[in-house]
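Visitor: I would like a close look at a single part of this model, namely the place where two domains of one chain meet. Please take me through it carefully, and then set it beside the contact between the chains.

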There are 2 protein chains.
Amino acid sequence: MDKILRIDVGAAGGPKAKVEPVGEYTGLGGRALTTSVVSKEVPPDCHPLGPENKLVIAPGLMSGSAASSSGRLSVGCKSPLTGTIKEANSGGTASQALGRLGYAAVIIEGERQGDDLYMIVMDGSGVKIEKANDFRMLPNYDLAEKIKTRFGDKVSLISIGTAGEMRMANSTIAVTDVEFRPSRHAGRGGVGAVMGSKGIKAIVVNAEGTKMRQPANPDKFKEANRKFVEGLKGHAVTGQGLPAYGTNILTNVLNEAGGYPTYNFKEGRYKHADKISGEVQADLETKRGGLATHGCHRGCAIQCSGVYHDKDGHYVTKQPEYETVWAHGGNCGICDLDSIARLDFMDDNYGFDTIEMGVTIGVAMEAGLIKFGDAEGAQRLVDEAGKGTPLGRILGAGAAVTAKCFGLERAPVVKGQAMPAYDPRAVKGIGVTYATTTQGADHTAGYAVATNILKVGGDVDPLKPAGQAELSRNLQIATAALDSTGYCLFIAFAILDQPETFQAMVDSINAMYGLELTGNDVVELGKKVLRMERQFNEQAGFTKAHDRLPRYFSREPLAPHNVVFDVSDKELDSVFNF
Amino acid sequence: MDKILRIDVGAAGGPKAKVEPVGEYTGLGGRALTTSVVSKEVPPDCHPLGPENKLVIAPGLMSGSAASSSGRLSVGCKSPLTGTIKEANSGGTASQALGRLGYAAVIIEGERQGDDLYMIVMDGSGVKIEKANDFRMLPNYDLAEKIKTRFGDKVSLISIGTAGEMRMANSTIAVTDVEFRPSRHAGRGGVGAVMGSKGIKAIVVNAEGTKMRQPANPDKFKEANRKFVEGLKGHAVTGQGLPAYGTNILTNVLNEAGGYPTYNFKEGRYKHADKISGEVQADLETKRGGLATHGCHRGCAIQCSGVYHDKDGHYVTKQPEYETVWAHGGNCGICDLDSIARLDFMDDNYGFDTIEMGVTIGVAMEAGLIKFGDAEGAQRLVDEAGKGTPLGRILGAGAAVTAKCFGLERAPVVKGQAMPAYDPRAVKGIGVTYATTTQGADHTAGYAVATNILKVGGDVDPLKPAGQAELSRNLQIATAALDSTGYCLFIAFAILDQPETFQAMVDSINAMYGLELTGNDVVELGKKVLRMERQFNEQAGFTKAHDRLPRYFSREPLAPHNVVFDVSDKELDSVFNF
């Protein structure tokens, strides 16, 4: 991974590709790389859809190697949804493919000329760019079918659906999985709109004929990876819960904890949660001939994914994640897994982030557009969004804009981004992360749920403010580092609880690169990434006043615990005191 | 004006009125009063439509007296459009009426209970509050007819149209004029939505049977007012231009100067400007039996208003202001005065700010919803907004949200508020005001056009960056003071050019209150108001990064002068260095 592909979409006669050495960005991967490029090359006060923004797509440091669960792909830019710097990452096969082709990053930059759409094709022989107007307004699944016809299903596809083409603030970048389905998404923050604003519809990455990236020290690498996989398989979450039930195992857990946001964050427990739990979902998947255990890319020891079939045994969508089942389910008072699976497919197809879309529909329900529980109505709304009707333009702009258009206070957002599936009043650690992360409300940026609820990496009472700032700080630092490696965030459960697994992960990086990093170096990398992101945001106009939850979370108690968000402003302001 | 009326809309059983002494706010009026109350009583990080925001309605210090042109009414709150503190002021008769009844302010506060709408009736005997559900979704003109039937046409009405009821970010508070037409508006920043969020549809102010407020020193007051009126009548702008042609006299002036934003700020000169100039408009008004010279309230020496009739001699609307003719006219490529007048009426009727709405339609035209020049299409869009269709919900949220929903960079806004009728590239002083005022893009906050273009109060080259920051600073300070007196901003032309008229104005205040203020005290008041507003905004999360124009104004040259906005960030940051 010693080269960067730059695509100048403003070049005369259409986008031009230039391959250059990785240069000053050497040694960086994933989020560390996307954040570095955006920090250095994008003016913080630029418009996210203007010519000065850039889209940076970067495999992690370990992507393309034999390291288990290392297939995360980072996408960075200034976010059209939040106005902050943004890193959204995705599973699927593209990260490994880019790594094997030797690309540390693809950077799409410049001012789009005219209205043509383009496709970038990358393989071992180089890069080609061609017009892709035939693909205009194709949803992701339909696009994948077209690509498959020409390139087969062994390539990887990075694409935008209709949402990205329409430059909607809720729009994803899709990545195909092992079955060449565009089911994996860099979901949050509207990164698809930036790709759309550059006129790039698709990137085909063909790594056929290339070899896995070779470690500097093969023996050490093999041994580290063995211990690492052993650690993943030995931990209750990564070795049992996630493979068996996927992330949706959390539904019952969060509902029991009273931290499951229900009816647009009005209550903390959903009476029908048992109908949409991971246990029920896995059982249904197995019965219908889908899969309850499945990997989103090759070489993952966790296998948290799955395949969801309808009652006739036909593919509907990949196994909907916990956050999706929550967003379209309990948050909207919908308790029918088939409807939720259909919504998941529609989101993936049009290219919407399921969290943002589900929360947006919850806000629309509060505005009275449709009733809570109306599953058909919810599908109609997603269809409007995917087709860009006037109402769809509102919904496609996300939960904050929807609330603004309908004159509502109750938009559960931070920095314009919808809160995920954990109520910050009853899981206060994640509330601190929502408030303070550089990304807008985001659970993955510092997953305090692990320690608050799952008791991984310690035990901090979720209902009390004490200790939450420190917990979130440490997790945000660790996550920023982890997001740079290409390793999936889910390894965190094992490495937080098992020092030997953490060491095996560090050893694997050292063996890959011939380095002698320590755990401390990992922490320093995380801090460095966060500092760059904070600085970008500050220059873009963000202050501590934006590191807050909406005031109604401090005003309206959440049942059943009747708690408000009461972590003090001072505590929130201490999160970045490193 | 020694009492304040507080309406608690959260009281059990419906809104409750409480009259209290003016207390700590003694000696303040207009913007100084609204800003003081909002600064002291509204948490800067609250949601503008939530229970913690307050709506403050305050006559100026001189309102209700015999002082000429002193009928401005200030409305303050946290703005639903910008998120900043907001003061929007209006002409019409209500300010004088409130002053004569002795109210320094009406403060509407608390959390609305249920969905009932209410009307407040104020007269010499006290305050009554009654349900007003029959008025639900009545546009302002229809509402005024209903009020007239019951109260006659000698009262004043302060009301919201459908936009305010729907809590749209572009929504005004209307004030009736001398003919009891709701043609005067506290237009900017969505103040109508705050009134709507409190469930108050209308305030009827009946000052019949009350006397004019008496000055502390009647002889000095009479003499000061005589000199003041003499000064207004003697100045070319206030004595000739404005009475004869109204504000629309500026169309030819700005177009000639190349600072007339055309086609959504794409060009600086409009080829059909001569068809919509103030000269043509006044001529048409006179020919059709309307009025080219008219006062929005009694006792105004300037008489800048007018009455616009259709070709059959029927009332259409009050004389559309320059900014309205521009927003719906040149900015949208529409050069038909009858269409523009109709749009002005529709805006007043639904309760939309004409600047925000015209700029929003310009953005919608750039998005391809309708073509530039499509006058019928523009009326259709305003109708959609006034009726709250899905597309109308986008448009009613203003230009910034419309651009966001349609994925466009080119939204001419600062802090979420649309720029008025002066291109900041060719009139750089007003560009500094747009960028730095506490209010979001607003020409009235520091009308540098006066000095840049009209050569009033000096001469600063509009095309060069030099001197603009100082100019804007001084004007912003003076304006903040002036907005507190109840005097119309238009007196500024005379008091900037004629020291004796400035002195007469100060003398009139001294004679009214038995004070011995100097010009310096006026400046200090202006600084104090601005400091409070800046502090509120800082606590709400605004930084110098928000005191900027959108970057495309520094990137895209404006014809015919081919200039970009090139006042440096350093200069912009120096505006508030007092």
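Guide: In this predicted model, the domain assignment divides chain A into domain 1 (3–205), domain 2 (216–245 + 427–578) and domain 3 (247–423). The part to look at is the boundary between domain 2 and domain 3 of chain A, whose centres, taken over C-alpha atoms, are separated by 23 Å. At this boundary 40 residues of domain 2 of chain A are in contact with 40 residues of domain 3 of chain A, and the area buried between these two domains comes to about 3,200 Å², with carbon and sulfur atoms giving 65% of it. On the side of domain 2 of chain A, the residues that lose the most area to domain 3 are A:Tyr245, A:Tyr552 and A:Leu558, which together account for 21% of what that side buries.

Polar and charged groups also take part in this boundary. Between domain 2 and domain 3 of chain A there are 16 residue pairs in polar contact, both residues being at pLDDT 80 or more, and the count of salt bridges between the two domains is 3. In chain A, a salt bridge joins the side chains of A:Arg410 and A:Glu556, with 3.1 Å from N to O. The elements that give two or more residues to the side of domain 2 that touches domain 3 are helix 6 (218–234), helix 7 (236–245) and helix 16 (428–436) of chain A, and the largest share of that side, 6 residues, comes from helix 7 of chain A. Divided by class, the residues on that side of domain 2 of chain A are 25 nonpolar, 9 polar and 6 charged.

The contact between the chains can be described in a similar way. It takes 33 residues from chain A and 33 residues from chain B, and the area buried between chain A and chain B is about 2,800 Å², of which carbon and sulfur atoms give 55%. Across this interface there are 6 salt bridges, and the side chains of B:Arg551 and A:Glu52 meet in a salt bridge at 2.9 Å, N to O. Chain A and chain B also share 18 residue pairs in polar contact, both residues at pLDDT 80 or more. Helix 14 (390–396) and helix 15 (399–405) of chain A each supply at least two residues of the side that touches chain B, with the largest share, 4 residues, coming from helix 14 of chain A. That side of chain A has 18 nonpolar, 7 polar and 8 charged residues.

Conventions:
Residues numbered from 1 in each chain as written. Chains lettered and ligands numbered in written order. Predicted model: local features only at pLDDT ≥ 70, side-chain atom pairs only at ≥ 80, totals over all residues. Heavy atoms only, no water. Domains from an automatic or database assignment. Contact = heavy atoms within 4.5 Å. Buried area = accessible area lost by both parts, 1.4 Å probe. Salt bridge = Lys/Arg side-chain N within 4 Å of Asp/Glu carboxyl O. Polar contact = N/O pair within 3.5 Å; in protein donor to acceptor, adjacent residues only side chain to side chain. Nonpolar A, V, L, I, M, F, W, Y, C, P; charged D, E, K, R; others polar.
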